[in-house]
Amino acid sequence: MSKKLFVTGTGTDVGKTYISALLLKKMNEYKLNCAYFKAAMSGNVRDKDGNLVPGDAEFVKKISGIEQPVSKMCPYVYENAYSPHLASRIEGNPVDFNVVSKWFDKTCSNYDFVLMEGSGGITCPIDFDKKELYLDEIVKSLGLSSVIVADAGLGTINYVLLTVNYMKSKNLKINGLIFNHYHPGNVMEEDNIFMCEHLTGIKTVAKVKDGDDSIEITKEKLISLFE
């Protein structure tokens, strides 16, 4: 049975896709049979033939070097850069949890480790018109533990605490924090990380600087994040 991990963030554009790519790159370097999955992907562009190209999936594959085909990474791809519930209202093809679950199970049957990235933050509405569905409900239904990606800079204590408390209220397990846009020795950022750990009781598993092409995490620690 494959081991799984969900990557969420304290908000949009904190670097979930970038961190997901670096985690999978490290797993690939450790010779682990791993794959990427995202239920719904918004803000994509069309190729010369008019087909939507799942940009996050292509980015992850390029950075990580995993062999998984891009076409098997995401069942729902939208053009508009909105949350999936609104993008599908405009474009059609609303997210069906049963489809997501089948795609995810199929991915898990082919790989030893599956990393699933969320759309936006943990409360992101995935569908609203056909059937009200939120990201945290998908995470819980799939039985996933999570790591939270956060910005190391100003405001992150509030964002991390709100995200952690919400996830705990939904009985979602959190296995660690990853801080992006980290500047070693920056007094504020070092204190932010300390306060986030102190207030949540959750440990930091990695710190990533701008421009890093690798993430510092041991094989044992990385594997331990997956359940």
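This report describes the sheet, the helices packed on it, the pockets and a few loop residues of a predicted model.

## The sheet

Strands of a sheet pair through backbone hydrogen bonds, either parallel or antiparallel. In this model, six strands make up an open sheet, and their pairing is parallel. The order across the sheet is β2-β7-β1-β10-β11-β12. The edge positions belong to β2 (34-37) and β12 (204-207). Each of these two has a single partner strand, so one side of each is left without a neighbour in the sheet. From one strand to the next, the twist averages 20°.

## Strand β1 and its partners

Strand β1 covers residues 3-9. In the order of the sheet, β1 stands between β7 and β10. Its pairing with β7 is parallel and consists of five bridges; within this pair, K4 has V114 of β7 as its bridge partner. On the other side, four bridges link β1 to β10 (residues 146-151), again in parallel. Two positions illustrate this second pairing: V7 is opposite V147, and G9 has V149 as its bridge partner.

Strand β1 is mostly covered, with six of its seven residues buried. In a regular strand the side chains alternate between the two faces of the sheet.

## Helices on the sheet

Helix α1 (residues 16-29) packs on the sheet and touches five strands: β1, β2, β7 (113-117), β10 and β11 (174-180). The direction of α1 makes about 170° with that of β7.

Helix α6 is formed by residues 156-169 and lies across β1, β10 and β11. The angle between α6 and β10 is about 160°. Strands β1, β10 and β11 are thus among those touched by α1 and are also the ones that α6 lies across.

## The loop after β1

T10 is located in the loop between β1 and α1. Is T10 buried or exposed? Its relative accessibility is 17%, and the limit for a buried residue is under 20%, so T10 counts as buried.

Which residues does T10 contact, apart from its neighbours within four places in sequence? They are I148, V149, A150, D151, Y159, V160 and T163. Of these contacts, V149 is also the bridge partner of G9 in β10.

## Pockets

Rolling a probe the size of a water molecule over the atoms shows where empty space is left. The largest pocket holds about 380 Å³ of space. It is lined by 19 residues, and T12, D13, K16, K38 and D56 are the closest to its centre. By class, six of the lining residues are nonpolar, eight are polar and five are charged.

The second largest pocket has a volume of about 170 Å³. Its lining consists of V95, D96, F97, N98, D127, K130, K131, E132, L133 and E137. Six of these residues are charged, three are nonpolar and one is polar.

## Two residues with positive phi

Most residues other than glycine have a negative phi, and most peptide bonds are trans. K31 is not a glycine, yet its phi is positive, near 65°. K31 sits in the loop between α1 and β2. With a relative accessibility of 73%, K31 counts as exposed.

N171, also not a glycine, has a positive phi of about 60°. Where is N171 placed? The loop between α6 and β11 contains N171. The relative accessible area of N171 is 62%, so N171 is exposed.

Conventions
Residues are numbered from 1 along each chain as its sequence is written. This is a predicted model: local features need pLDDT of at least 70, side-chain atom pairs count only at pLDDT 80 or more; totals for chains, interfaces and linings use all residues. Side-chain values use heavy atoms; hydrogens and water are left out. Two strands pair if DSSP finds at least two bridges between them. Axes are lines fitted to C-alpha atoms, for helices over the stretch in contact, and angles run from 0 to 180 degrees between N-to-C directions. Contact means heavy atoms within 4.5 Å. Buried means under 20% relative accessible area, exposed over 50%, partly exposed in between (1.4 Å probe, protein chains only). On a 1 Å grid over the protein atoms alone, a cavity is a set of points where a 1.4 Å probe fits but cannot get out, and a pocket is an open set with protein on both sides within 12 Å along at least five of seven lines; lining residues have an atom within 4 Å of a point. Grid points are joined across faces, edges and corners, and a volume is the space filled by probe spheres set on the points. Ala, Val, Leu, Ile, Met, Phe, Trp, Tyr, Cys and Pro count as nonpolar, Asp, Glu, Lys and Arg as charged, and the others, Gly among them, as polar.
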